[in-house]
Amino acid sequence: MLTNRAIAPMDRMLSLNRVLDEALHGSLGALAGSPVWVPPMDVAERADAYLMYVELPGVDPRQVELHFEQNVLSIRGSKGSSFDPKTDGELRLHARERVNGSFERNVRLPEFVDGDHIEATFRNGLLSIVVPKAQAAQPRKIEIRAATNG
């Protein structure tokens, strides 16, 4: 069952992170002369883990780096242009709408995650990341014992 209410605070945080990433990296990328883009991401929470899905169409998985430090998950990489003057020769472009260049996403995760067991897979342009919660953060049932008289 999907619900947006449970992840609303994290969704607002990710939206703010995206706006800041686009503003900061967009202006820095323009200064550096290379276009920078921010890939779209979905984040969900299960009882035992956070799930992240990052759309990276046309990106070679070998061009993607994943780092985890001080509870920040960083996803960095680059996507090359579809056109290569060395192999395509001289071209006159009529449309260029597909994004390319470097990209970066940074997600601050809650305090209780198990950074040593983060898993990532890449399939058909979709990077899937599972960030397990630490045992201390997982829900558990607490047994209530009956008090004895005496």
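Here are some worked exercises on a predicted model of a protein.

## Exercise 1: Getting your bearings

**Task.** Work out how many helices and strands the protein has, and in what pattern they follow one another along the sequence.

**Solution.**
- Step 1. Start with the count: there are 2 helices and 8 strands.
- Step 2. Now walk along the sequence, and you will meet the pattern α-β-β-β-β-β-α-β-β-β.
- Step 3. For a feel of the whole chain, note that 29% of its 150 residues are buried. The accessible surface comes to about 11,100 Å², and carbon and sulfur atoms supply 52% of that.
- Step 4. Look at contacts too: among those with a separation of 6 or more, 60% link residues 24 or more positions apart.

## Exercise 2: The antiparallel sheet

**Task.** Find the strand order of the open sheet with antiparallel pairing, and name its edge strands.

**Solution.**
- Step 1. This sheet has 4 strands, in the order β2-β3-β8-β7.
- Step 2. At the edges are β2 (41-45) and β7 (119-123), each of which pairs on one side only. From one strand to the next, the twist averages 15°.
- Step 3. Follow the chain from β2 to β3, and you pass through a hairpin of 3 residues. The two strands are antiparallel and share 5 bridges.
- Step 4. Pick out individual partners in this pair: Met41 faces Val54 of β3, while Glu45 has Tyr50 as its bridge partner.
- Step 5. Cross to the next pair, where β3 and β8 are joined by 7 bridges, again in the antiparallel sense. Here Ala49 sits opposite Pro132 of β8.
- Step 6. Finally, check how covered β3 is: 5 of its 7 residues are buried.

As a reminder, strands of a sheet pair through backbone hydrogen bonds, either parallel or antiparallel.

## Exercise 3: The mixed sheet

**Task.** Determine the strand order of the open sheet whose pairing is mixed, and explain why one side of each edge strand has no neighbour in the sheet.

**Solution.**
- Step 1. The order of its 4 strands is β1-β6-β5-β4.
- Step 2. The edge positions belong to β1 (36-37) and β4; because each has a single partner strand, one side of each is left without a neighbour in the sheet.
- Step 3. Turn to the pair made by β5 (residues 72-79) and β6: they run antiparallel and are joined by 8 bridges. Within this pair, Arg76 stands across from Glu104 of β6.

## Exercise 4: Three residues, buried or partly exposed?

**Task.** Classify Leu56, Ser128 and Glu45 by their relative accessibility, and place each one in the structure.

**Solution.**
- Step 1. Begin with Leu56, which lies in the loop between β3 and β4 (64-69). Its relative accessibility is 0%, so Leu56 counts as buried.
- Step 2. Look at what surrounds Leu56. Beyond four places in sequence, its contacts are Trp37, Pro39, Val64, Phe103, Phe122, Gly125 and Leu127. The C-alpha atoms of Leu56 and Asn124 are 8.6 Å apart, although 68 residues separate them in sequence.
- Step 3. Next comes Ser128, in strand β8 (residues 126-132). The cut-off for buried is under 20%. Ser128 has a relative accessible area of 18%, so it is buried.
- Step 4. The contacts of Ser128, again leaving out residues up to four places away, are Met52, Tyr53, Glu119, Ala120 and Thr121.
- Step 5. Last is Glu45, in strand β2. A relative accessibility of 39% makes Glu45 partly exposed. Between Glu45 and Pro132 the C-alpha distance is 9.8 Å, with a sequence separation of 87 residues.

## Exercise 5: A nonpolar patch on the surface

**Task.** Identify which residues make the nonpolar surface patch of about 260 Å², and check how accessible Leu93 is.

**Solution.**
- Step 1. The patch is made by Phe83, Leu91 and Leu93.
- Step 2. Locate Leu93: this residue is in the loop between α2 (85-88) and β6 (101-108).
- Step 3. Apply the cut-off: a residue needs over 30% relative accessible area to belong to a patch. Leu93 has 41% and is therefore partly exposed.

Notes. Residues are numbered from 1 along each chain as its sequence is written. This is a predicted model: local features need pLDDT of at least 70, side-chain atom pairs count only at pLDDT 80 or more; totals for chains, interfaces and linings use all residues. Side-chain values use heavy atoms; hydrogens and water are left out. Patches are made of residues with over 30% relative accessible area and no salt bridge: like charges are joined within 9 Å, nonpolar side chains (Val, Leu, Ile, Met, Phe, Trp, Tyr) within 5 Å. Accessible areas come from the Shrake-Rupley method with a 1.4 Å probe; for residues, only the protein chains shown count as cover. A salt bridge is a side-chain nitrogen of Lys or Arg within 4 Å of a carboxyl oxygen of Asp or Glu. Buried means under 20% relative accessible area, exposed over 50%, partly exposed in between (1.4 Å probe, protein chains only). Contact means heavy atoms within 4.5 Å. Two strands pair if DSSP finds at least two bridges between them. Axes are lines fitted to C-alpha atoms, for helices over the stretch in contact, and angles run from 0 to 180 degrees between N-to-C directions.
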